[in-house]
Amino acid sequence: MTGTQVIKPRIREILSKELPGELIRLLPKHWVQIGDVLILPLRPELEPYKSRIAEVYAEVIGVKAVLRKGRIGGEFRETNYELLYGNDTVTVHIENGVKYKLDAAKVMFSPANVKERVRMAEVARPGELVVDMFAGIGHLSLPMAVHKGTRVIAIEKSPYTFRFLVENIWLNGVQDLMTPYNMDNRDFPAESIADRILMGYVVTTHKFIPKALSIAKDEAVIHYHNTVPEKLRPEEPFATFKRIAREHGYEAEKLNELVVKRYAPGVWHVVVDVRVYKR
Ligand SMILES: C[S@@+](CC[C@H](N)C(=O)[O-])C[C@H]1O[C@@H](n2cnc3c(N)ncnc32)[C@H](O)[C@@H]1O
């Protein structure tokens with residue numbers, strides 16, 4: 001029996017004494033736990049009771065804060081989650097042997113991207129130089145440095161997220177392998193240095209392809225993420241990548257393509273592994 005199966009009856013038992021009967025079946029059955037912070041999807045019908053509900057979930061599950069799930073948006077992919085319980089939303093989440101410190105109220109950490117975080121640790125090679133163009137708190141590149149001893153240049157534009165990236169590098173003891181830069185990746189000055197490039201971004205990632213090519217060595221692998229409507233698959237998003245690469249003097253070969261998660265109705269977040277060669 002999993003912990004969740006024990007927890008749910010206990011939560012229902014407590015709240016059924018306090019909430020109208022018809023609302024009990026609307027209580028969230030699934031949630032996300034990041035470190036000791038809970039992210040709870042809450043139906044609008046439960047609005048009048050949200051603080052008490054959050055308190056009960058926090059006590060039964062044993063977390064220090066509860067956030068109401070909302071949408072992630074904007075250039076920095078920030079969350080706008082409502083704080084329902086507690087006051088401290090900075091936490092350390094441990095996944096696959098990697099410690100991620102973050103403010104769960106502000107910085108995105110998608111449980112759906114776990115396969116990709118684990119996969120990056122598998123594809124990385126010791127000694128290669130990886131440039132993570134959208135590093136966040138080190139979501140994808142910390143596993144590479146921690147598990148494979150890969151050298152990483154991690155670029156993150158948001159000053160708030162950057163603070164956690166720096167802390168995570170030290171927390172995981174990879175300060176000799178990872179170098180963080182708090183800047184827009186389009187201003188990153190080095191050229192032709194990367195064996196591998198991470199483009200962990202969505203919606204407008206294609207606009208950054210020319211910059212990625214300038215950072216890449218004459219031959220490199222690029223993990224290109226983007227969002228794509230179902231009706232444009234399977235040609236997109238690789239067709240656009242290939243066209244832009246050609247315009248910049250590179251051939252592009254698709255090695256692999258995976259769905260990371262559903263982004264919106266009819267829209268997928270996918271990652272394409274691309275090998276690029278300078279012509
Ligand atoms: C959605 S997070 C992704 C984190 C991680 N790459 C992943 O896929 O799980 C993207 C990060 O890129 C940062 N970012 C957005 N535009 C950027 C830019 N032009 N240069 C550097 N970082 C940028 C955002 O602030 C955000 O922290």
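Me: What makes the area between domain 1 and domain 2 count as buried, and how much is it?
Reply: In this predicted model, about 750 Å² is buried between the two domains, with carbon and sulfur atoms giving 58% of that. We call it buried because it is accessible area that the two parts lose on being put together, summed over both. On the domain 1 side, Glu 75, Phe 76 and Arg 77 lose the most, together 59% of what that side buries.

Me: How do you know which residues of the two domains are in contact, and how many are there?
Reply: The cut-off is heavy atoms within 4.5 Å. By that test, 7 residues of domain 1 are in contact with 9 residues of domain 2. The C-alpha centres of the domains, meanwhile, lie 33 Å apart.

Me: How many salt bridges cross this interface, and what would make a pair count as one?
Reply: You'd need a side-chain nitrogen of Lys or Arg within 4 Å of a carboxyl oxygen of Asp or Glu. The rule finds 0 of those across the interface. For residue pairs in polar contact, both at pLDDT 80 or more, the count there is also 0. Still, the side of domain 1 that touches domain 2 has 3 charged residues, along with 3 nonpolar and 1 polar.

Me: Why is the Asp 184 pair with the ligand called a polar contact?
Reply: A polar side-chain atom of Asp 184 sits 3.1 Å from a nitrogen atom of the ligand. The limit for a pair of N or O atoms is 3.5 Å, so this one qualifies. Lys 157 has a polar backbone atom 3.2 Å from a ligand nitrogen, and Gly 200 has a backbone N or O atom at 3.2 Å from one. Overall, the protein covers 97% of the 600 Å² of accessible area that the ligand has on its own.

Me: Which residues around the ligand come nearest?
Reply: Arg 77, Phe 134, His 139, Glu 156 and Asn 185, out of 21 residues around the ligand.

Key: Residues numbered from 1 in each chain as written. Predicted model: local features only at pLDDT ≥ 70, side-chain atom pairs only at ≥ 80, totals over all residues. Heavy atoms only, no water. Domains from an automatic or database assignment. Buried area = accessible area lost by both parts, 1.4 Å probe. Polar contact = N/O pair within 3.5 Å; in protein donor to acceptor, adjacent residues only side chain to side chain. Nonpolar A, V, L, I, M, F, W, Y, C, P; charged D, E, K, R; others polar. Near = heavy atom within 4 Å. Areas by Shrake-Rupley, 256 points an atom, 1.4 Å probe, with all protein chains shown as cover.
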